[in-house]
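Me: Could you take me through some local backbone and packing features of the model shown here, with the cut-offs spelled out?

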Amino acid sequence: MRKSISILIVFLSFFISFGQTNYGKPEIEPSLIQKNYQGWQEYQRKNILLSSDYIALDAESNEITKESFLNQLTTGEFIPIKLTSTNSIIYYQLYRILPGTDTSIKASLTALAVEELEHFKMEGQPFPEFSFTDLNGKTITNESIKGKIVVIKCWFIHCAPCIKEFPAVNKLVAQYKDRKDIVFISLAEDTKEQLRKFLTKKPLAYSVVPNMKKYMNETLHLSGFPTHFILNKKGQISKVLLDYEGLELALKKESQQ
């Protein structure tokens with residue numbers, strides 16, 4: 001009898017634990033951050049990183065693919081909320097945008113989701129063929145960087161967000177200075193002369209390639225700056241990111257593989 005009870009307890013414990021999830025409630029009440037654009041923007045900046053790796057849930061709490069999650073965000077009908085978690089995994093869930101919500105939230109989210117979806121679809125694809133010559137006259141090609149992790153920053157001189165992150169990306173280069181298998185390249189729209197003059201005041205630790213506007217627009221099809229690419233050692237696009245925070249996390253993960 002005692003043995004039967006023990007088996008039953010073990011079975012019930014297993015059943016209960018099996019049914020438990022590793023995520024909980026929203027970290028913030030979804031209606032609270034829909035009141036004004038400033039509040040949403042602050043929340044999104046600190047808590048939502050759509051380029052990162054996360055478990056995605058729809059509005060009914062069903063797990064869905066990241067592509068499906070981003071597709072639903074492009075409709076402008078949902079807002080992503082981070083859920084509390086019992087592990088180190090990130091969980092985002094879709095919540096319907098309420099009537100009367102600031103239209104700027106809907107517009108900015110739709111634009112961001114469209115861009116993030118395009119970037120997500122690039123993951124796993126080979127980076128386009130190239131032959132770059134940097135400001136020091138060094139030629140960089142697909143062949144010359146084969147077998148290395150490559151970090152590419154796309155920018156231009158008059159892009160304020162691009163320049164603002166210079167100290168952070170320079171620190172990142174310093175952090176990986178002993179890794180001979182990691183290369184940092186920046187593609188800039190501007191001419192050699194413009195860049196040389198600018199970089200004397202605002203140094204960038206990357207290898208800087210001038211006159212890349214046509215390549216970035218027509219080959220990479222970029223619509224926003226800065227944009228960062230991480231290429232794996234096979235020359236494939238591992239991640240496409242819009243900011244330093246995402247870059248730092250993605251490079252850490254790629255460098256450990």
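**Backbone and packing**

Reply: Ser61 is partly exposed, at a relative accessible area of 36%, where partly exposed lies between buried (under 20%) and exposed (over 50%), taken with a 1.4 Å probe on protein chains only. This is a predicted model, in which local features need pLDDT of at least 70 and side-chain atom pairs count only at pLDDT 80 or more, while totals for chains, interfaces and linings use all residues. Residues are numbered from 1 along each chain as its sequence is written, and side-chain values use heavy atoms, with hydrogens and water left out.

Me: What is the phi of Ser61?

Reply: Ser61 sits in the loop between β2 (55-57) and β3 (63-64), strands being DSSP runs of E of at least two residues and helices runs of H or I of at least four, numbered from the N terminus. Most residues other than glycine have a negative phi. Ser61, which is not a glycine, has a positive phi, near 70°.

Me: Which residue is joined to Phe225 by a cis peptide bond?

Reply: The bond has an omega of about -5°, and the second partner is found in the loop between α8 (213-219) and β11. The residue joined to Phe225 is Pro226.

Me: What arc do the buried residues of α9 cover around the axis?

Reply: The buried residues of α9 (residues 244-255) include Tyr244, Leu247 and Leu251. They lie on the same side of α9, because the arc, taken from the directions from the helix axis to the C-beta atoms, is only 150°.

Note on methods: Expected span 1.5 Å × (residues − 1).
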